[in-house]
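Me: I am new to reading protein models, and I would like to go through one slowly, from its overall layout down to single residues. Could we take it one step at a time?

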Amino acid sequence: MHVARLVQDPLFETPIACTDFERGVIVGLIIGEGTVTLFSDRAATNKKRRYFTPAVTLSSTDPRIIAYVSDIYHRGGLKHFISRMAERRRKKPQHKLAYSLAVQGLLPVHRLLLTIRDSLFAKREQAEVVLAYIDLRVQAMKRHHGRFGNPPMPGMQEADLVGKIRLLNRRGT
């Protein structure tokens, strides 16, 4: 999204509209079976710069849960997508298929994290790092006049945030 449209979008600083119960469901699923992260966008990777996209995902083997949260996201105006684990990726035949719901991009992730940040006690650090990354990207795009053509090289701040999110999301810590 073009930075001028992103920052001038009245929704940029607006949390999604949902009840406290719905917010609690989203937070519980993200804490239990989700992640708040920055992932490397391999399609946009070039030799000089590696691009990262903010993302919030949750997983479940129950498609009704994914459909319920998808409905909340839809009513809140968040772009999101649902994927299903491929049949061939199941390690054991008795394992159920897993479904995943993802919100990606600067605006949707920013809005979602504004909505749940205060309740996201177990993954608050990840949320704060991702929000800092989004702010850093928006500021860099403002300095670059909103052009995506040749964005400035990543600075130490961006590299620090990417390293921090990797450490926070490492298994077993």
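The questions and answers below go from the whole chain to its sheet, its helices and its core.

Me: What should I know about how this model was made before I look at its details?
Reply: This is a predicted model, in which local features need pLDDT of at least 70 and side-chain atom pairs count only at pLDDT 80 or more, while totals for chains, interfaces and linings use all residues. Residues are numbered from 1 along each chain as its sequence is written, and side-chain values use heavy atoms, with hydrogens and water left out.

Me: Which element has the lowest mean pLDDT, and which the highest?
Reply: pLDDT is the predictor's confidence in each residue, from 0 to 100, and the protein averages 79, with 74% of the residues scoring at least 70. Where pLDDT is low, the predicted coordinates should not be read in detail. Among the elements, the lowest mean, 52, belongs to helix H1 (residues 3–8), and the highest, 92, to helix H2 (residues 20–33).

Me: What pattern does the protein follow along the sequence?
Reply: Helices (H or I, at least four residues) and strands (E, at least two) are DSSP runs, numbered from the N terminus. The protein has 6 helices and 4 strands. Read along the sequence, they follow the pattern α-α-β-β-α-β-β-α-α-α.

Me: In what order do the strands form the sheet?
Reply: Two strands pair if DSSP finds at least two bridges between them. E1 and strand E2 (residues 52–60) are joined by 7 bridges, E2 and E4 pair over 6 bridges, and E3 and E4 pair over 4 bridges. The edge strands, each pairing on one side only, are E1 and strand E3 (81–84). The 4 strands form an open, antiparallel sheet in the order E1-E2-E4-E3.

Me: Which residue in E4 stands opposite Ala55?
Reply: Opposite residues can be followed across the sheet, beginning with Phe39, which faces Thr53 in E2, and Leu38, which faces Pro54 in E2. On the pairing of E3 with E4, Arg84 stands opposite Tyr99 in E4. For Ala55, the residue opposite in E4 is Gln104.

Me: At about what angle does H2 run to E2?
Reply: Axes are lines fitted to C-alpha atoms, for helices over the stretch in contact, and angles run from 0 to 180 degrees between N-to-C directions. H3 packs on the sheet, touching E2, E3 and E4, and its direction makes about 20 degrees with that of E4. H2 lies across E1 and E2, and its angle to E2 is about 95 degrees.

Me: Why is H4 described as largely enclosed by the rest of the structure, and how many of its residues are buried?
Reply: Buried means under 20% relative accessible area, exposed over 50%, and partly exposed in between (1.4 Å probe, protein chains only). In the protein, buried residues make up 40% of the 173 residues. In strand E1 (residues 34–40), 5 of the 7 residues are buried, so this strand is largely enclosed by the rest of the structure. H4 is largely enclosed because its buried residues number 11 of the 11.

Me: Which element gives the most residues to the largest nonpolar core?
Reply: A nonpolar core is a set of buried Ala, Val, Leu, Ile, Met, Phe, Trp, Tyr and Cys residues joined through side-chain atoms within 4.5 Å. The largest has 37 residues, and those with the most contacts inside it are Tyr73, Leu112 and Leu113. Elements that give two or more residues to this core include H2, E1, E2 and helix H3 (63–75). The element that gives the most, with 8 residues, is H5.

Me: Which residues does Val69 touch, not counting residues up to four places away in sequence?
Reply: Val69 lies in helix H3 and is buried, with a relative accessible area of 0%. Val69 and Ile26 are 43 residues apart in sequence, but 6.9 Å apart in space, C-alpha to C-alpha. With contact meaning heavy atoms within 4.5 Å, Val69 touches Val25, Ile26, Leu29, Leu58 and Leu101.

Me: Is Glu22 buried or exposed?
Reply: Glu22 lies in helix H2. Leaving out residues up to four places away in sequence, Glu22 touches Tyr68, Ile72 and Arg75. With a relative accessible area of 9%, Glu22 is buried.
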